[in-house]
Structures are given as structure tokens and as C-alpha cells.
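Student: I'd like a close look at one part of this protein rather than a full tour. Could you pick a helix and walk me through how it sits among its neighbours?

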Amino acid sequence: MEKKVAELLTRWLDNGLINKETYQEIVKFEENSEPNQKSKVARAITLIGGLFLLSGLLGTIPLLWMNLAYWAQLALLVATTYFLFYAASYSEKFEDGKFFIFKSTEKVSSFLFLVSNISFGASVTFTLNILQETGIIDLSEDVSYVVVSLFVLLYATYLFQRTKLIFQHAALFYCLCFFLGAIGNLIFPNIEPWAGGLFLIAIGSVWGINTYSTLLKPSWLGYFLSATTISIGTIILIEDLLGNDEIISILILIIGSVVYVWASIQLSEQVIFFIGGLGLVINLPRLITEILPDNVWPPLVLFLVGGVLVVVGLYLNSIRENLKTNK
């Protein structure tokens, strides 16, 4: 049984929320749900095999390009894609628990579907190349990117709707970014960096909103993708528009980090808190260095600010505990 679950059960039992019989039934259920040693070995072997398959696929493609005919390259890629999809579908039948391997919360099929997504993208690319070489179609490079990204996005969308698992969530996000980026590059070939920053902020915001509405799961991954994308977009935007005004740029990043910390409290999402906290740790010393160039000031100011925040946090926590006691 997982340590966190055991600690929760013990706390509930000690505080009278569950009785001894219920406690024992839950413990028995969790222990029976644990994957046995043979199951762990089988899943570990499948995972390692999938990694070797992906590595071999990526390493073989350049060799295939030089030594095999186009039809043979395409046939091998299509067969690989089908094999991976079949293996993932077959694996789903045996995944009675929630375990990917050991203490993880994902499944082997999720990884196999991800590799099939990559193989499918390669198959579409080779198909277009064959059609181009034979003169059946004549597409520009930018249009080819749009076509390939569209088909890969459709496949990624299907896999996400089928599984709702972590790898399919991440694949869907990046396939969507690639598709929209390809369209943007086709329509606006000479786009400015600040516009690219706005694009990242927009797609990150939309992803965060859909995660909040529970459309995208797991939520921690949706918020991570959203927060990091918005952060990158914001950095690109302010660096392009305010590159010469270092202090204002850093202040905007600090304000954004504070907003992340506040949002993490409201949403109870640790991943947003960590991103916001990392932003503060990086940008606050930069601001102090800009205002007070002397090397002694940044660590001293950080030390004082950190001490004040710890005292304030302890004080607020003591008030909360006193209110709970009075109630």
C-alpha cells in the first residue's frame, strides 16, 4: 500500500473518522490492488522494449532513407505504427490497476500510444515525400508542414479522447502548438518575435482555462503546460518590446510570478506554485542587482525578505489554528 494512503488511513482512524473494521477492509483492498512482482517485471520489460523500439526507430530512419526504396520505407513505418497501436490496445486489456510501473500513476499503453503517435507522424511525412517525388502533388514546404501537423494532430486528438492519459495529454498540446505554428508561419511568414510571444500566451491561457473546466486531465499536467507556455511567451514578449528597460522587464516577471503563487493557492495546484516560486527566486535577485549593484546587497536583502516572509507565514498559521481552536 502506498505510504501516503497508509498515513491518511491512520490519521482517520486515530481521529475517529473510520472504525477499525473499515480500516482493515480498506487496507486489504489496497494491498490486493497492488501490482505483484511478476506484473511489475512484465510492465518494466514492456517499457524498456518500447524505449528500445523508439530509439531504434529514430536511429533507423536516416539509414532507411539512403538504403531502401520509398515504398519500403513507408511500409515499414506503417507496419510499426500499426504494431504499436495494436500493442497499446492489447496492453489496455491487462491494466486492471492504475500503475504504469512501480509507484507511478500511468499505464504502459499510454507510452506505447505515444510512440505510435511519433511513428504515425513519420509515416505521414514519408507519404508526402513519395507523393512529391512521383509528381502526384506539388506542395510548398510550408504547406507540407501544415498538412503533416494536421494529420498528426487528428491522430493525437483521437488517442487523447481514447485514453485521457498523461502522454496523450502532452502530445495533444504540442501537436496543437505545431499545427497552429505551421498555419501562422504560412499566413505570416515574417512574424515578429513579440507576436510569437502573444501566440504562446494565448495558447497557454486557453489550455489553462480548459484544464480548469476539467476538460483536460490530469490537471497538474494541464496547468504545467499552460503556466510554462505563458511564462515563455511573456519572456519573449517583454524582451522584444522592453529589451532596453531591464528593471521594468524584471518587475513584470516578478508580478507574473506573484500571480502564479496566488493562483496556485486558489487552485490548490503545487506545480503552479513551484513555477511561480522559481520565477521569484530567479528574478528578485536580478532586480536587487539592478537597483543595488554592490555584490553584498542581493544576498542580504534576500535573507531579510525570506526571514520576514517566514515570520508572516508562521503568524498567519498561528491565527488560523487559534480560530480553529475557538470554534
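Tutor: Sure, and keep in mind that this is a predicted model. Some background before we zoom in: the protein chain has twelve helices and zero strands, so in DSSP terms every element from the N terminus on is an α. Of its 327 residues, 35% count as buried. Among contacts between residues at least 6 apart in sequence, 66% join residues at least 24 apart.

Now let's take helix α9, residues 219-241. With 23 residues at 1.5 Å each, α9 should span 33 Å, and its end C-alpha atoms are 32 Å apart, which agrees. Which of its residues are buried? They are L221, G222, Y223, L225, S226, A227, T229, I230, G233, T234, L237 and I238. Here a bit of helix geometry helps: there are 3.6 residues a turn, so positions three or four places apart point the same way. Keep that in mind as you read along the buried set, which includes I230, G233, T234, L237 and I238. As for what does the covering, the list includes α7 (166-187), α8 (193-212), α10 (246-267) and α11 (270-291).

One of those covering helices, α7, also takes us out to the surface. L186 lies in α7, and at 39% relative accessibility it counts as partly exposed, because that value falls between the 20% and 50% cut-offs. Together with I187, F188 and I191, L186 makes a nonpolar surface patch of about 400 Å². For the wider setting, the accessible surface of the protein chain comes to about 20200 Å², and 69% of that belongs to carbon and sulfur atoms.

How values were computed
Residues numbered from 1 in each chain as written. Predicted model: local features only at pLDDT ≥ 70, side-chain atom pairs only at ≥ 80, totals over all residues. Heavy atoms only, no water. Helix = DSSP H or I, 4+ residues; strand = E, 2+ residues; numbered from the N terminus. Expected span 1.5 Å × (residues − 1). Buried < 20%, exposed > 50% of the residue type's maximum accessible area, 1.4 Å probe, protein only. Contact = heavy atoms within 4.5 Å. Areas by Shrake-Rupley, 256 points an atom, 1.4 Å probe, with all protein chains shown as cover. Patch = residues over 30% accessible without salt bridge, like charges linked within 9 Å, V, L, I, M, F, W, Y side chains within 5 Å. Salt bridge = Lys/Arg side-chain N within 4 Å of Asp/Glu carboxyl O.
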